Amino acid sequence: MKIKKLIKRIREDWVLYLMLLPGITYFIVFHIVPILGMKLAFQDYRIIGDNEWVGLKHFKVLMDSSAFYDVLKNTIIISTMKIIFIFPIPIILSLLISEVRSGRFRKYVQAVSYLPHFLSWVVIAGVWISFLHPADGGFNVIRNFFQLPSIDFMTSKEHIRWVLVFSEMWRSAGWDSILYIAAIMKISPSLYEAAKIDGASSFQQMRYITLPALLSTVITIFILNLGFFMNAGFDQVFNMSNDSVNSVIDILDTYVYRIGILNGQYAYATAASLFKGVVGIVLILGTHYLSKKYTGKGVW
Amino acid sequence: MKKVLLTFVMILMVGVLAACSDGEKNPKEATTKEGEAAGDSGAQTIKVVFKDDGPSNPVAVSYYEKLSEGLKKDLDLDVKFDLVEVAQGDYAEKLNLLLYSGEIPDLIYFQGADKQIADQGLLEDLTPYIEDSKYIKSIMNPYNEARLRNYPYLLWIKPLDNRVPVVRKDWFDQASSSATLMENPTVDNYKAFFKEIVQIGDTKNAVTVAGDIRELDYTFDMAFGINKTWLDSEKGFEHYKVSSQTKDKLEFYRQLYEEGLLDPQYLTKKHDTKQEVFYNGETAVIPGTNGKVIDIYNDRMRVLNGEESQLQVLPPAKGEYQGFGATDISKESRGLAISSQSKNKDLVFQVLDYLASPEGQKLDRLGFEGEHYNVVDGKVELTEKYYGDWYARYWEPNNVEFEVAESTPLLGDAAEKSLLSVADYYSEDNSFVLPEEYVAQWDAMENLYKEYSADIITGKKPLEAFDDYVKKWYAAGGESLTKYANDNLK
């Protein structure tokens with residue numbers, strides 16, 4: 001019955017479904033089909049001849065490594081910090097941008113905040129290393145102006161995770177706010193007009209109209225972001241790491257890159273990726289279930 | 001319109017299915033296709049994968065065309081080269097992905113991660129080929145021979161790639177401590193030289209490295225008694241990274257750091273920023289790879305700071321031993337391999353041997369006549385383009401058969417001296433290829449060393465923390481690795 005309905009829908013809106021096709025194709029080719037390759041985690045790969053099934057050997061090696069738990073701990077800490085401190089920023093930014101009355105200024109702020117998203121982490125790392133330079137970096141110059149001593153942030157174990165958080169925030173806040181700005185634009189202006197007539201202040205309009213309207217978008221994005229929880233930012237860490245701080249920012253992805261990719265141990269790398277994927281799925285399903293239970297809203 | 005769109009959809013779906021099914025089949029099938037003879041004009045085709053030498057590189061395409069012409073002319077061999085484009089990014093990583101996808105060219109240039117491929121039996125043992133070779137066996141260096149005995153799959157006849165310290169010659173000549181340093185380059189004399197050179201050049205510091213103190217180790221390791229990876233101590237073989245010699249060396253680096261002689265920002269330096277501070281006079285000394293790299297530094301320095309700023313090569317520090325570090329002879333860390341699946345293995349080696357011949361060397365070392373060099377009165381005169389663009393892709397033996405004009409030497413004075421200096425102090429290491437089961441443990445042990453050495457040098461941890469590090473190093477896998485070393489080293 002459902003299939004018949006679907007076919008009927010496709011016939012009625014076939015142009016829309018046609019437009020959907022490239023996206024579906026992309027996901028099938030690059031996200032669904034590779035799942036089949038995950039069997040490599042349970043095999044020793046042979047370029048010629050049949051692969052050898054080795055069961056959980058690679059997972060055992062992964063779990064037996066003392067370094068694995070260190071990088072897992074770093075991954076969880078950095079990801080948690082990023083979720084707590086970065087996730088609300090695009091929401092706040094979108095609320096602030098939507099309050100800007102001058103259209104030209106709003107466009108300017110949006111353009112400036114989107115720009116860092118297009119820079120590679122190589123460039124961003126260079127910018128931040130210069131900005132935080134203990135002798136003549138902008139941030140330490142400001143600190144010195146207020147009689148505060150310079151800090152070598154890039155080689156400080158206490159500060160480097162914060163550098164990751166703030167540089168990620170700088171790079172992604174503007175771009176990530178696009179979805180929220182779009183959601184705000186969808187809110188009917190009549191709601192704001194009615195609120196104004198009732199004497200609501202700007203803050204009250206934001207509190208009682210904008211934020212509730214954003215809630216489902218926020219929850220959806222939050223749950224989907226949790227799926228990437230174990231991706232603490234390979235490119236960022238790779239470019240910002242050095243011998244002094246590597247022990248506190250070495251994450252699962254950089255570890256897998258060194259052991260799995262650079263040493264050609266792809267089965268080992270696949271096992272680690274599968275582990276990450278399973279954690280991501282558990283987090284998505286768990287949060288979706290809890291969100292449904294307590295707020296009535298979820299991803300689907 | 002509807003029909004057109006439907007046709008488009010059908011084509012797209014078929015394409016997707018085809019792409020998916022190819023991905024499953026290609027890896028195993030491709031291996032049987034490699035190296036097959038090309039049909040047209042009877043020429044044999046050799047598939048080559050080499051860093052930066054894909055079909056999109058016009059210089060590489062011309063190079064292999066000229067190589068084909070040379071092989072035809074000198075050996076009457078009809079060979080064509082099919083260059084493989086490797087995806088952009090880290091070469092070793094992308095090459096491995098290519099090989100693991102089942103596409104195995106006849107001739108492969110590796111820059112690491114070759115052992116896993118060799119372990120699968122995909123690389124040819126080069127020993128019998130070299131024994132029967134006409135030219136290659138005569139141009140091999142002692143370390144090539146030793147490496148080939150331990151690991152017969154890779155060949156890389158190039159000068160040793162150690163790091164030698166260099167300084168501007170005009171500053172060097174002004175320093176009163178220079179002569180003492182050259183005569184007796186003890187650690188103390190090095191320190192005295194560093195102190196003086198900072199004043200002469202009005203630099204911010206004396207020496208910097210690109211994020212990794214190992215660059216400086218080449219100069220100082222042996223002076224502190226680190227003459228091999230596994231040091232022969234009373235307890236048996238002990239890894240140098242947990243030895244008292246390393247502790248002493250770190251103490252010396254720490255002093256350099258405290259006194260502002262070692263760049264306080266060395267940890268965040270990259271290769272480009274390291275060179276930048278050298279050229280703009282913020283630092284006086286940097287270590288560079290001997291040979292061509294020193295030439296590049298020298299040319300850049302002269303262009304930016306005038307003729308008098310050409311470089312002076314400094315000697316390795318002298319102490320218990322002297323040298324630029326022991327040479328790893330366990331295997332080549334990079335080099336060329338022949339696929340065991342190739343149908344043209346003999347032909348591929350013939351090409352490699354030809355490149356070691358006087359004719360092959362002329363092409364490989366000098367480039368294209370009329371473009372990179374000219375022959376005037378029987379002597380080779382190199383052009384500006386040679387110095388700017390050309391590098392030898394294959395072999396670089398110490399001696400060449402052709403005469404190069406004195407006005408345009410293959411290498412500048414500083415680069416030539418750096419090569420000679422490294423060769424003078426050559427000694428063999430006793431390191432070995434790490435067994436696979438130690439790879440993950442070694443990563444943890446290396447990270448411990450890097451962290452503690454960086455923290456001790458920069459004063460974040462006291463020197464006494466070295467003892468804690470040693471305990472952690474042994475616990476992280478050092479104990480079993482040391483046992484393995486003692487069981488296997490003689």
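Colleague: What percentage of the contacts in chain A with a separation of 6 or more comes from residues 24 or more positions apart?

Modeller: First, the ground rules. Two residues are in contact if their C-beta atoms, placed from the backbone, lie within 7 Å. In chain A, 68% of the contacts with a separation of 6 or more join residues at least 24 positions apart. Keep in mind that this is a predicted model, where local features need pLDDT of at least 70 and side-chain atom pairs count only at pLDDT 80 or more, while totals for chains, interfaces and linings use all residues. Residues are numbered from 1 along each chain as its sequence is written, while chains are lettered from A and ligands numbered from 1 in the order in which they are written.

Colleague: How many helices and strands does chain A have?

Modeller: These are DSSP runs numbered from the N terminus: helices are H or I with at least four residues, strands are E with at least two. Chain A comes to 15 helices and 2 strands. Its C-alpha atoms fill a box of roughly 75 × 75 × 35 Å along the principal axes.

Colleague: And what part of the 300 residues in chain A is buried?

Modeller: Count the other C-beta atoms, placed from the backbone, within 10 Å of a residue's own: 20 or more is buried, 12 or fewer is exposed, and in between is partly exposed. For chain A, buried residues make up 28%.

Colleague: Which residues of chain A does UniProt list for "transmembrane region"?

Modeller: The unreviewed UniProt entry gives several spans, including 76-96 and 108-131. Such annotations may be inferred rather than shown by experiment. In the model, residues 76-96 of chain A are 95% helix and 0% strand, with end C-alpha atoms 30 Å apart. Residues 108-131 of chain A are 75% helix and 0% strand, and there the ends are 23 Å apart. The unreviewed entry also lists "domain: ABC transmembrane type-1" at residues 72-287 of chain A. That stretch is 75% helix and 0% strand, with its end C-alpha atoms 21 Å apart.

Colleague: At what angle do the axes of α5 and α9 of chain A cross?

Modeller: Axes are lines fitted to C-alpha atoms, for helices over the stretch in contact, and angles run from 0 to 180 degrees between N-to-C directions. Helix α5 (residues 88-99) and helix α9 (residues 160-185) of chain A cross at roughly 60°, and their axes come within 7 Å. That makes α5(A) oblique to α9(A), since angles under 35 degrees count as roughly parallel, over 145 as roughly antiparallel, 65 to 115 as roughly perpendicular and the rest as oblique. Among the residues making the contact are Ile89(A) and Ile97(A) of α5(A), plus Met169(A) and Tyr180(A) of α9(A).

Colleague: How many residues of chain A and of chain B does the contact take?

Modeller: It takes 30 from chain A and 32 from chain B. On chain A's side, α2, α4, α13 and α14 each give two or more residues, and α2(A) gives the most, with 6.

Colleague: Let's try single residues. Where in chain B does Ser309(B) lie?

Modeller: Ser309(B) sits in the loop between α14 (292-305) and β9 (311-313) of chain B. It counts as partly exposed because it has 18 C-beta neighbours inside 10 Å. Beyond its neighbours within four places in sequence, Ser309(B) touches Arg168(B), Asp170(B), Met301(B) and Arg302(B).

Colleague: And which loop of chain B holds Phe402(B)?

Modeller: The one between α17 (384-389) and α18 (413-424) of chain B. Phe402(B) is partly exposed because it has 16 C-beta neighbours inside 10 Å. Setting aside neighbours within four places in sequence, Phe402(B) contacts Pro358(B), Lys362(B) and Val380(B).
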